[in-house]
Amino acid sequence: MKLPSLQRLVREAARVVRRFPLTLLCALILCAAGIYAQRLDDFEKNLPEWLFPLISASVLGLTLTLSVSLAGERYHWPRWLKLLTQAGAILLLAVWYTLCPPEPDLVWGLRLLLMLIGMHLLVAVSPYLLELRRQADTPGFWRYNETLFIRILTAGVYSGVLFVGCSLALVAVDNLFDVDIDNKVYPHLFTVLGTIFNTWFFLAGVPEDFEALEQEATYPKELKLFTQFVLLPLVVLYLVILYAYMARILGLWELPKGWVSTLILALAVAGIFALLLIHPIRDNAENTWIRTFARWFYWSLFPLLGLLVVAIGTRIRAYGITEERYLVLALAAWLTIITIYFLVRQGRGIIWIPASLAVVAFLSAGGPWGAFSVAERSQLAQLREVSEEYKLLQNGKLDSAGQRVAELPKEAGKRITSIFDFFAERNNLDAVQPFFTASLVTPDSLQGKHLERRDWQQQRLFDVSGLERVDYHETETTKDQGQNLYFEPVESHVTVLGPGYYWLRNINSYRNRESHIKRRINGSAALDTFKLAEGTFRLRHTKTGRYIYLERLTQPNRWQSILSVSPAGFADSLARNRQQGGYENVQLPTLSLTASSATMQLRVLFTYIRREQKPKQPPTYYYAADAILTFKQPSQEE
């Protein structure tokens with residue numbers, strides 16, 4: 001086998017640049033933004049406002065610009081029309097960037113997913129949109145998508161192998177030549193290969209001669225065997241399970257579980273995908289079983305789709321529409337239409353599958369008919385309905401409703417809890433503000449703290465309304481499973497042991513949790529800040545972990561050092577008598593340091609101290625500890 005020359009590689013790379021310049025530009029921007037995000041200080045809490053909009057716009061731009069370029073090639077558009085459509089694609093991405101919030105949330109994350117699905121399906125159909133008007137399928141559409149599918153898999157394998165190989169090479173250089181390689185080099189390498197290389201490699205294999213795709217070609221025997229002996233038996237297995245479950249619920253006359261919707265959708269996707277894989281050989285004389293299986297498969301979907309509608313309809317009647325339930329209903333409607341279509345067309349017109357599904361994805365992603373607007377209106381209607389039914393409103397407001405209705409039925413409590421959680425998880429308390437007189441505005445101090453903000457918003461709704469949270473996930477099958485309680489104290493790293501006597505817990509040089517101050521301060525980092533009766537204090541350690549300082553807040557943003565201990569000095573004194581090089585675990589009877597002043601004493605009780613030193617570099621110290629802080633009474637002073 002002759003290896004490709006460097007000139008050929010350069011020529012192919014240049015050809016891809018000329019053919020898909022905007023797609024590669026999106027890959028470059030995505031790579032740069034990803035590396036920038038990885039280079040941010042670990043202690044920085046708030047990401048730049050432009051980062052998520054830029055990354056999401058770049059991801060969408062990969063498939064949008066590719067679809068536009070392929071359509072221009074396929075339909076032989078004049079140069080001015082190609083430039084116009086490319087400018088339109090850039091304009092759409094600019095609109096997304098402008099509307100996208102600086103911080104991703106549930107709504108925009110799901111909206112991005114829907115847009116990505118739609119954009120990928122658009123790549124699959126954009127060069128063959130004229131096929132929608134034809135009565136019969138042509139080989140080109142199937143072979144085009146086969147080529148793209150294989151190219152995606154090949155690009156993924158090449159990128160993965162390169163990442164593993166290059167990572168092992170870096171590890172070898174690090175260990176054999178004592179080269180200090182930044183740990184962030186590995187995620188940078190993954191980003192470069194996953195964006196620039198993967199995109200470039202994939203684009204190099206995108207079909208260019210669409211006329212050649214229309215020629216008859218040998219169908220891969222391996223693909224037929226995989227579909228016939230792996231995919232289709234799995235589809236039959238799912239059918240047997242679902243029909244057995246349907247017989248069970250009919251026999252017991254009970255409502256279906258909501259989880260069955262996922263299994264039905266998985267069955268439909270697997271079955272349709274399998275039939276698409278063997279579509280080119282369905283008309284061969286020796287493959288009449290394919291046409292028979294396809295016909296019976298589509299007929300078998302109708303009862304299961306009815307089961308799906310009953311399952312999801314039960315949840316909607318109880319708790320209203322959410323985005324997930326909207327999408328399940330939309331897919332059920334789409335599957336029904338596609339099933340009828342293929343029964344009428346006898347399996348022909350496969351381009352309608354990705355084309356119609358792309359339309360469903362785009363329509364669901366936005367607009368007053370979309371999943372998010374419909375879900376919000378449904379939840380607001382649910383809140384008003386349950387509030388009026390149980391007379392929770394006073395002058396149209398829910399403030400202190402718990403005091404007016406002392407015994408709220410459990411089912412009503414479940415519905416209200418579900419609604420409150422819906423709006424809190426989506427950071428959308430503005431939608432329910434008209435139901436309250438008290439302000440629901442989130443404090444500025446919680447901006448950028450997703451989990452803390454969500455918890456505050458959830459609790460705020462219950463505090464203002466005076467209603468109690470009820471577990472709405474409880475089902476009939478969980479009611480008789482006994483009681484399981486878990487008790488824990490309110491999260492705090494300070495425990496009062498007595499007057500002027502405090503236990504400071506979980507002092508850890510590794511810890512990086514959002515609920516505590518962790519910002520770089522002159523080459524060091526604040527571990528914890530805590531308010532005591534004697535004032536506000538914090539523990540600070542230097543960048544290498546050499547010292548731990550106890551500091552007091554004297555003025556706003558002004559800290560005074562009170563006491564200090566040196567894990568480094570302690571570890572260095574112990575290391576002098578140890579063997580140089582290698583790893584050694586040393587067990588000691590006690591591991592503590594104490595620092596005192598005239599008014600207080602700090603005793604640090606270490607769980608461990610780790611001293612790490614690379615050749616020709618100063619040591620770094622890592623530790624975990626608790627501490628006892630004692631304020632001396634006047635009688636204790638010397």
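This is a short guided tour of the structure, with a suggestion at each stop for what to select next.

**The whole chain**

Start with everything on show, and keep in mind that you are looking at a predicted model. The protein has 638 residues, and 41% of them count as buried. Switch to a C-alpha trace and turn it around: along its principal axes, the trace spans about 105 × 75 × 50 Å. Colour by secondary structure and you have 18 helices and ten strands to look through. If you bring up the surface, its accessible area is about 36,000 Å², with 60% of that belonging to carbon and sulfur atoms.

One more thing before zooming in. Take the contacts between residues at least 6 apart in sequence: 65% of these join residues at least 24 apart. You'll meet a few pairings across the sequence along the way.

**Stop one: α6 and α7**

Select residues 139-176, which make up helix α6, and residues 185-204, which make up helix α7. Two packed helices are described by the angle between their axes and the distance between the axes. How do the axes of α6 and α7 cross? They come within 9 Å of each other, at roughly 150°. An angle over 145 degrees counts as roughly antiparallel, so that is the label for α6 and α7. The crossing here is right-handed. Now colour the contact between α6 and α7 by residue class: you should find 18 nonpolar residues, five polar ones and one charged one.

**Stop two: α1 against α7**

Keep α7 on screen and add residues 6-19, helix α1. The axes of α1 and α7 lie 10 Å apart, at an angle of about 90°, so these two helices are roughly perpendicular. Show side chains to see who meets whom. On the α1 side, pick Ala13, Arg15, Val16, Val17 and Arg19; on the α7 side, pick Trp200, Leu203 and Ala204. By class, this contact has six nonpolar residues, two charged ones and no polar ones.

**Stop three: Arg74 at the end of α3**

Next, select arginine 74, in helix α3, which covers residues 51-74. Is arginine 74 buried or exposed? It counts as buried, because its relative accessibility is 18% and the cut-off for buried is under 20%. To see what surrounds arginine 74, add Pro127, Tyr128, Phe210, Glu211 and Glu214: these are its contacts once neighbours within four places in sequence are set aside. Try a distance label from arginine 74 to tyrosine 128: they are 54 residues apart in sequence, yet their C-alpha atoms are 8.0 Å apart.

**Stop four: Thr292 in α11**

Move on to helix α11, residues 288-319, and pick out threonine 292. Threonine 292 is partly exposed, at 33% relative accessible area. Add arginine 282, ten residues away along the chain; the C-alpha atoms of this pair are separated by 9.8 Å.

**Stop five: α14, α16 and two loops**

Select α14, residues 371-389, and then follow the chain to α15, residues 401-404. The loop between them holds serine 400. What is the sign of phi at serine 400? Phi there is near 60°, a positive value in a residue other than glycine. Serine 400 is partly exposed, at 30% relative accessible area.

Now add α16, residues 410-425. The axes of α14 and α16 come within 10 Å and cross at roughly 145°, and the crossing is left-handed. Among the α14 residues in this contact are Leu380, Leu383 and Val386, and among those from α16 are Ile416, Ile419 and Phe423. Charged residues take part too, including Glu376 and Arg415. The full contact has ten nonpolar, two polar and four charged residues.

Continue past α16 into the loop that leads to α17 (450-465), and stop at asparagine 427. Asparagine 427 has phi near 55°, another positive value in a residue other than glycine. With 34% relative accessibility, asparagine 427 counts as partly exposed.

**Last stop: Ser564 in β7**

Finish on a strand. Select residues 558-565, strand β7, and highlight serine 564. Which residues touch serine 564, leaving aside neighbours within four places in sequence? Show Ile548, Tyr549 and Ala595 to see them. Arginine 540 is 24 residues away from serine 564 along the chain, with 9.3 Å between their C-alpha atoms. Serine 564 is partly exposed, at 35% relative accessible area.

Definitions and conventions: Residues numbered from 1 in each chain as written. Predicted model: local features only at pLDDT ≥ 70, side-chain atom pairs only at ≥ 80, totals over all residues. Heavy atoms only, no water. Axes fitted to C-alpha atoms, helices over the stretch in contact; angles between N-to-C directions. Helix = DSSP H or I, 4+ residues; strand = E, 2+ residues; numbered from the N terminus. Parallel < 35°, antiparallel > 145°, perpendicular 65-115°, else oblique. Left-handed = near helix turned anticlockwise from the far one by under 90°. Buried < 20%, exposed > 50% of the residue type's maximum accessible area, 1.4 Å probe, protein only. Contact = heavy atoms within 4.5 Å. Areas by Shrake-Rupley, 256 points an atom, 1.4 Å probe, with all protein chains shown as cover.
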